[in-house]
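Student: I want to check the terms used for this model one by one. Please set each value against its cut-off.

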Amino acid sequence: MNSRMTPAAFPSASLTDDALRRHWRGRAVYTILQTGYSAAFLQAWAALCEQADDADAADTPQRLHYLLIDAAPPTAQQLRATAPASMNALADELANAWPPLTPGYHRLLLGQGRVMLTLIIGDVAASLAQADARVDLFLLHDDAVWNAQQ
């Protein structure tokens with residue numbers, strides 16, 4: 001893994017909106033790296049949108065950068081079908097921007113540019129070794145935080 005990756009501590013054993021808000025408070029950019037797709041991406045995006053509308057908007061990051069590494073990500077149709085009902089609008093925007101499922105790096109700007117999704121389609125270990133980002137939160141496939149979302 002690149003030496004520039006320096007994860008910050010995450011104060012919760014499960015990914016909740018409140019835990020995310022506490023952790024990203026006051027940061028201009030917040031970066032999450034996840035292996036294997038789950039609804040955690042939609043959850044983080046929804047939390048960002050909700051907090052931007054709250055009185056706490058000043059503590060909300062200006063940008064959420066989400067790196068998603070998956071050897072076999074879902075199709076756009078699967079994204080829509082598996083999204084929680086409360087996140088259908090976000091899932092539709094994501095599915096409309098979803099790239100062809102070809103190996104490599106795909107950058108998607110969502111939420112009027114506030115959410116940047118870097119979709120990396122390929123082997124997780126090889127992709128992690130090439131990743132160059134300051135990551136605030138890791139959601140790894142075998143991690144308890146990731147598994148809590150399943």
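Student: Which strands form a hairpin, and what is the phi of G111 in the turn?

Tutor: Strands β3 and β4 form the hairpin, with four residues between them, and G111 has a positive phi of about 55 degrees. This is a predicted model, in which local features need pLDDT of at least 70 and side-chain atom pairs pLDDT 80 or more, while totals for chains, interfaces and linings use all residues. Residues are numbered from 1 along each chain as its sequence is written, and side-chain values use heavy atoms, with hydrogens and water left out.

Student: How do you know that β3 and β4 are paired, and in which sense do they run?

Tutor: Two strands pair if DSSP finds at least two bridges between them. Seven bridges join β3 to β4, and the two run antiparallel, so the criterion is met. L110 has V115 in β4 as its bridge partner, and L109 stands opposite M116 in β4.

Student: What makes a stretch of chain a helix or a strand, and how many of each are there?

Tutor: Helices are DSSP runs of H or I with at least four residues, strands are runs of E with at least two, and both are numbered from the N terminus. By that rule the chain has six helices and five strands. Their order from the N terminus is α-β-α-β-α-α-β-β-α-β-α.

Student: What is the strand order in the open sheet, and why are β3 and β5 called edge strands?

Tutor: The five strands are ordered β3-β4-β2-β1-β5, with mixed pairing. β3 (104–110) and β5 (137–139) each pair on one side only, which is what marks an edge strand. Neighbouring strands are turned by 15 degrees against each other on average, direction ignored.

Student: Which strands pair with β2, and in what sense?

Tutor: β1 (residues 29–35) pairs with β2 in the parallel sense over seven bridges; within that pair, H65 in β2 is the bridge partner of T31. β4 (residues 115–121) also pairs with β2 in the parallel sense over seven bridges, and T118 in β4 is the bridge partner of L67.

Student: Why is β2 described as largely enclosed?

Tutor: Seven of the eight residues of β2 (residues 63–70) are buried, so the rest of the structure largely encloses the strand. Buried means under 20% relative accessible area, exposed means over 50%, and partly exposed is in between (1.4 Å probe, protein chains only). Over the chain of 150 residues, 47% are buried.

Student: Why is Q34 called buried, and T82 exposed?

Tutor: Q34, in strand β1, has a relative accessible area of 1%, so it falls under the 20% limit. T82, in helix α3 (residues 76–82), has 56%, so it is over the 50% limit.

Student: What makes the approach of Q34 to Y66 a polar contact?

Tutor: A polar contact is a pair of N or O atoms within 3.5 Å; within protein, one must be able to donate a hydrogen and the other to accept it, and residues adjacent in sequence count only if both atoms are side-chain atoms. The side chains of Q34 and Y66 are joined at 2.3 Å, so the distance passes. A polar atom of the Q34 side chain also lies 2.6 Å from the backbone oxygen of G36. The T82 side chain reaches the backbone oxygen of Q78 at 2.8 Å.

Student: How are α2 and α4 placed against each other?

Tutor: α2 (residues 40–53) and α4 (residues 88–97) pack at about 115 degrees, with axes 10 Å apart. Axes are lines fitted to C-alpha atoms, for helices over the stretch in contact, and angles run from 0 to 180 degrees between N-to-C directions.

Student: Which residues meet there, and what makes E93 the charged one?

Tutor: F41, L42, W45, A46 and C49 in α2 meet L90, A91, E93 and L94 in α4 (contact means heavy atoms within 4.5 Å). By class there are eight nonpolar, no polar and one charged residues. Ala, Val, Leu, Ile, Met, Phe, Trp, Tyr, Cys and Pro count as nonpolar, Asp, Glu, Lys and Arg as charged, and the others, Gly among them, as polar. E93 is a Glu, and therefore it is the charged residue.

Student: Which elements does α2 lie across?

Tutor: α2 lies across β1, β2, β3, β4 and β5, and runs at about 175 degrees to β2.
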